[in-house]
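Work through the exercises below with the sequence and the model open. Try each task before reading its solution.

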Amino acid sequence: MDGKTYSLIENYMASCMDDSAHDKEHIYRVLYNALDIAETESRVDQDILITACLLHDIGRGEQLRNPNVCHALAGGDMAYKFLTENGFGADFAENVRHCIRAHRFRKSEPPQSMEAKILFDADKLDVSGAVGIARTLIYRGTVGEPIYSVLSDGTVSDGTDDTESSFFKEYKFKLEKLYDKFYTQRGWELAKNRRKHAVEFYGNLLGEVRESYEKGRERLSEIIMPSDIQTDNQKGE
């Protein structure tokens with residue numbers, strides 16, 4: 001791929017990015033992760049891989065405007081249209097479309113090609129570790145979701161019992177479980193190295209929040225008298 005072709009694709013990508021958790025810097029991190037993984041695999045079409053990495057999240061805007069839209073499916077179709085309209089062959093565009101459609105956690109279209117598997121792993125790497133925690137918090141805040149939920153007994157949920165969406169719920173049901181879902185050995189190794197940072201952050205955040213609630217409720221109960229006692233005191237005045 002020459003510089004002119006790369007710039008054409010890169011500029012189109014940049015024009016589609018309007019989500020702070022899925023901005024162009026996320027795209028570059030995924031691309032760089034993918035190039036790292038690709039060095040350990042054989043028979044990788046670098047042009048397909050680079051193009052798919054650059055365009056894998058161009059459908060995010062459609063999903064933000066309509067939550068019923070799957071950004072992977074929309075983005076795959078957008079990429080196919082863009083590529084065929086700009087002189088790329090139909091086979092090339094279809095291979096890129098498959099990579100994009102398969103990069104999301106879905107059973108309906110798992111990655112089949114090596115390029116699709118590398119993109120999947122590279123994208124999941126950017127949800128792992130400290131970067132993944134930061135991006136998840138940004139995204140959850142953008143859509144108005146809280147960090148945690150408080151259960152009916154007044155305790156802070158660790159995320160496993162949340163009925164509503166929260167960062168802790170996202171961690172327990174997605175971030176915590178993504179480390180055994182990689183297709184490449186290199187992707188798994190990189191994710192394993194990052195995992196401890198996410199575990200430590202989640203544990204520290206949960207511990208701090210729970211400590212505030214437990215000690216805070218105890219202190220407050222020593223200050224605020226129950227209504228029935230307050231009423232009896234007022235009667236005796």
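Three exercises on this predicted model follow.

**Exercise 1. Cysteines**

Task: Find how many disulfides the whole structure holds, and check cysteine 16 and cysteine 99.

Solution:
- Step 1. Apply the cut-off: a disulfide needs two cysteine sulfur atoms within 2.5 Å.
- Step 2. Search the whole structure. The count is zero.
- Step 3. Take cysteine 16. Its nearest cysteine sulfur belongs to cysteine 53, 16 Å away.
- Step 4. Take cysteine 99. Cysteine 53 again has the nearest cysteine sulfur, at 8.1 Å.
- Step 5. Check burial. Cysteine 16 has a relative accessible area of 15% and is buried. Cysteine 99 is buried too, at 0%.

**Exercise 2. Helix α3**

Task: Decide how many residues of α3 are buried, and name what covers them.

Solution:
- Step 1. Locate α3 at residues 46-55.
- Step 2. Count the residues under 20% relative accessible area. Eight of 10 are buried, so by that cut-off α3 is mostly covered.
- Step 3. Name the buried ones: Ile48, Leu49, Ile50, Thr51, Ala52, Cys53, Leu54 and Leu55.
- Step 4. List the cover. It includes α1, α2, α5, α6 and α7.
- Step 5. Look at the start of α3. A side-chain oxygen of aspartate 45 lies within 3.0 Å of the backbone nitrogen of aspartate 47.

**Exercise 3. α6 against α7**

Task: Describe how α6 and α7 cross, and which residues meet.

Solution:
- Step 1. Get the geometry. The axes come within 8 Å and cross at roughly 35°.
- Step 2. Assign the hand: right-handed.
- Step 3. List the contact. His98, Cys99 and Ile100 of α6 meet Glu115, Ala116 and Leu119 of α7.
- Step 4. Sort by class: four nonpolar, one polar and one charged.

Technical notes:
Residues numbered from 1 in each chain as written. Predicted model: local features only at pLDDT ≥ 70, side-chain atom pairs only at ≥ 80, totals over all residues. Heavy atoms only, no water. Buried < 20%, exposed > 50% of the residue type's maximum accessible area, 1.4 Å probe, protein only. Helix = DSSP H or I, 4+ residues; strand = E, 2+ residues; numbered from the N terminus. Contact = heavy atoms within 4.5 Å. Polar contact = N/O pair within 3.5 Å; in protein donor to acceptor, adjacent residues only side chain to side chain. Axes fitted to C-alpha atoms, helices over the stretch in contact; angles between N-to-C directions. Left-handed = near helix turned anticlockwise from the far one by under 90°. Nonpolar A, V, L, I, M, F, W, Y, C, P; charged D, E, K, R; others polar.
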